[in-house]
Amino acid sequence: MRELRTKIKGILSTPSFDKEITVMGWVRTKRASKNVAFIALNDGSTINNLQIVADVEVFGDELIRKITTGASLSVHGKIVESQGAGQACELIASSIEIFGEADPDKYPLQPKKHSLEFLREIAHLRPRTNTFSAIMRVRHALAFAVHQFFNDKGFSYINTPIITASDAEGAGETFKVTNFELENIPKTEEGKIDFKQDFFEKEANLTVSGQLEGELAAMALSEIYTFGPTFRAENSNTTRHLAEFWMIEPEMAFYDLKDNMDIAEEMLKYLVQYTLDHCLDDLLFLEKREKEDEKNKPQNERSELSLTERLQFVLDNEFERITYTEAIQILKNSKPNKKKKFSYLIEEWGADLQSEHERFLVEKHFKKPVILYNYPKEIKAFYMRQNDDDKTVGAMDILFPGIGEIIGGSQREERMAKLAERMSEMNIPADDMWWYLDTRRFGAVPHSGFGLGFERMIQFVTGMGNIRDVIPFPRTPGNCEF
Ligand code: ATP
Ligand code: MN
């Protein structure tokens with residue numbers, strides 16, 4: 001049996017001096033002189049490395065030479081107070097075992113700054129960098145905090161299906177699921193694809209949202225949330241869209257639109273506070289990284305606040321809540337609109353807001369997170385509750401600095417007649433949706449919910465500009481490696 005391993009995080013936070021321990025991890029750097037080698041070892045438990053001090057004479061040149069960046073080691077020794085600057089303690093090695101060497105001529109990660117673009121090409125190795133291990137720990141903490149937040153409030157975690165026969169958003173951006181032989185797809189007499197012969201005996205796709213099934217559960221358990229993968233075949237090559245992303249979708253019976261906004265704002269603040277409380281080392285590292293990165297950018301592209309200042313700012317301020325109609329007024333009269341700087345000029349009420357407009361409102365006008373509500377019904381989904389003005393629905397989107405839309409939600413239309421009318425106007429086949437409509441036929445109640453894009457939240461908390469850098473293996477048009 002192998003000796004018990006001590007994790008580096010615990011050693012660095014509460015060192016037990018003169019104790020014999022074993023650590024295991026990967027070499028970040030090695031500096032060797034004739035007599036002594038200093039090895040920075042990282043085991044992923046923390047952003048910080050443990051300094052290993054190895055006597056070259058004791059271990060021999062041959063072994064020390066094999067200890068290169070990327071090699072994996074088990075080291076036994078004693079923790080002592082460090083003589084050098086930069087660390088409080090270090091490990092004096094008494095034995096070293098190399099698990100796996102990493103040929104320095106071939107190992108792609110060298111102790112220097114690599115570009116994020118290059119690291120995307122070696123996504124299988126990038127968790128071994130400081131930046132990506134920090135992001136992955138923050139991602140974990142956020143996932144844990146999501147469950148904590150809803151559990152504390154008495155919500156039930158529901159797993160909605162990943163394979164469905166409905167397209168919740170009606171946007172047609174679905175990936176098909178079939179086990180047809182693609183070279184030989186059965187056809188009907190009319191020459192159409194014969195889905196009756198397919199696995200599910202109907203057309204199926206990967207889910208674009210768990211909302212519709214989430215609503216079914218909320219009509220029994222009152223307050224539920226889903227947290228699962230979501231798939232959209234959108235052809236948008238942006239820094240905020242993935243083909244496979246994770247979404248948190250709470251759905252609450254007896255909540256109106258204002259209750260919905262209140263809990264969404266409370267949740268976002270809770271998540272931010274949680275990472276400040278539990279991931280400060282990682283956040284400070286990412287903050288430093290961002291500062292260095294921004295040195296190469298023109299002044300007007302640098303952020304006014306540092307990463308942790310931005311997080312604190314979200315906690316300290318109430319989100320601005322304005323109607324779509326008010327937002328259109330502001331945008332119409334804005335400088336970039338008048339000077340024709342927007343790619344899509346805002347001319348009249350009813351226009352769909354683009355990311356440039358959302359970011360203007362958040363970053364330039366209000367300079368804080370904004371909740372936009374009561375959107376024109378024409379630009380929103382069929383299930384949103386119709387307002388008395390006959391023009392708008394009880395939708396609410398939350399817009400964040402640097403990100404744009406982070407949450408999309410609404411109060412749902414619980415009135416059967418209104419819902420059926422809207423579905424037929426929008427050509428949503430009511431027959432296929434009989435199970436959804438049953439919740440309006442039997443014991444319907446006012447209810448609300450929203451969807452938080454998990455990766456966009458991680459982007460905000462880590463300050464990463466590209467969504468491909470906050471998920472281990474991004475799926476985007478043309479990218480399905482690893
Ligand atoms: P956008 O207009 O930015 O494409 P959307 O209106 O399609 O967003 P919703 O359908 O309301 O978004 O989805 C809810 C949330 O899921 C969004 O607020 C966003 O945080 C996230 N989201 C949506 N599409 C994607 C995507 N392709 N990749 C990552 N996150 C996404
Ligand atoms: Mn979209």
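Where do Arg359 and Glu363 lie, and how many residues apart are they? Both belong to helix 12, and they sit four residues apart, about one turn of the helix. Their side chains meet in a salt bridge, with an N to O distance of 2.9 Å. Arg359 is partly exposed, with a relative accessible area of 31%, and Glu363 is partly exposed too, at 24%. Please keep in mind as you read on that this is a predicted model.

**Salt bridges**

The structure holds 23 salt bridges. Besides the pair within helix 12, here are two that link distant parts of the chain.

One of them joins the side chains of Glu266 and Lys153 at 2.9 Å, N to O. Glu266 belongs to helix 7 (residues 257-278), while Lys153 is found in the loop between helix 5 (130-152) and strand 6 (156-157), and 113 residues separate the two. Glu266 has a relative accessible area of 40%, so it counts as partly exposed. Lys153, at 33%, is partly exposed as well.

The other pairs Lys367 with Glu304, whose closest N and O atoms are 4.0 Å apart. Here both partners sit in loops: Lys367 between helix 12 (355-365) and strand 13 (370-376), Glu304 between helix 8 (280-294) and helix 9 (307-316), with their positions 63 residues apart in the chain. Lys367 is partly exposed at 42% relative accessible area. Glu304 reaches 72%, and because exposed means over 50%, that residue counts as exposed.

There is also a network of salt bridges, which links Lys258, Asp262, Glu265, Lys269 and Arg321.

**Around ligand 1**

Now to the ligand. It is surrounded by 16 residues, and the closest are Glu234, His241, Glu405, Ile406 and Arg456. By class, this shell has six nonpolar, four polar and six charged residues. Three of the contacts are set out here.

| Residue | Protein atom | Ligand 1 atom | Distance |
|---|---|---|---|
| Glu234 | side-chain N or O | nitrogen | 2.4 Å |
| Glu405 | polar side-chain atom | oxygen | 2.7 Å |
| Ile406 | backbone N or O | oxygen | 2.8 Å |

Taken alone, ligand 1 exposes 590 Å², and the protein buries 82% of that area. Which elements give two or more residues to the shell around ligand 1? They are strand 11 (244-253), strand 15 (404-411) and strand 16 (447-453). Strand 15 provides the largest share, with four residues.

Technical notes: Residues numbered from 1 in each chain as written. Chains lettered and ligands numbered in written order. Predicted model: local features only at pLDDT ≥ 70, side-chain atom pairs only at ≥ 80, totals over all residues. Heavy atoms only, no water. Near = heavy atom within 4 Å. Polar contact = N/O pair within 3.5 Å; in protein donor to acceptor, adjacent residues only side chain to side chain. Areas by Shrake-Rupley, 256 points an atom, 1.4 Å probe, with all protein chains shown as cover. Nonpolar A, V, L, I, M, F, W, Y, C, P; charged D, E, K, R; others polar. Buried < 20%, exposed > 50% of the residue type's maximum accessible area, 1.4 Å probe, protein only.
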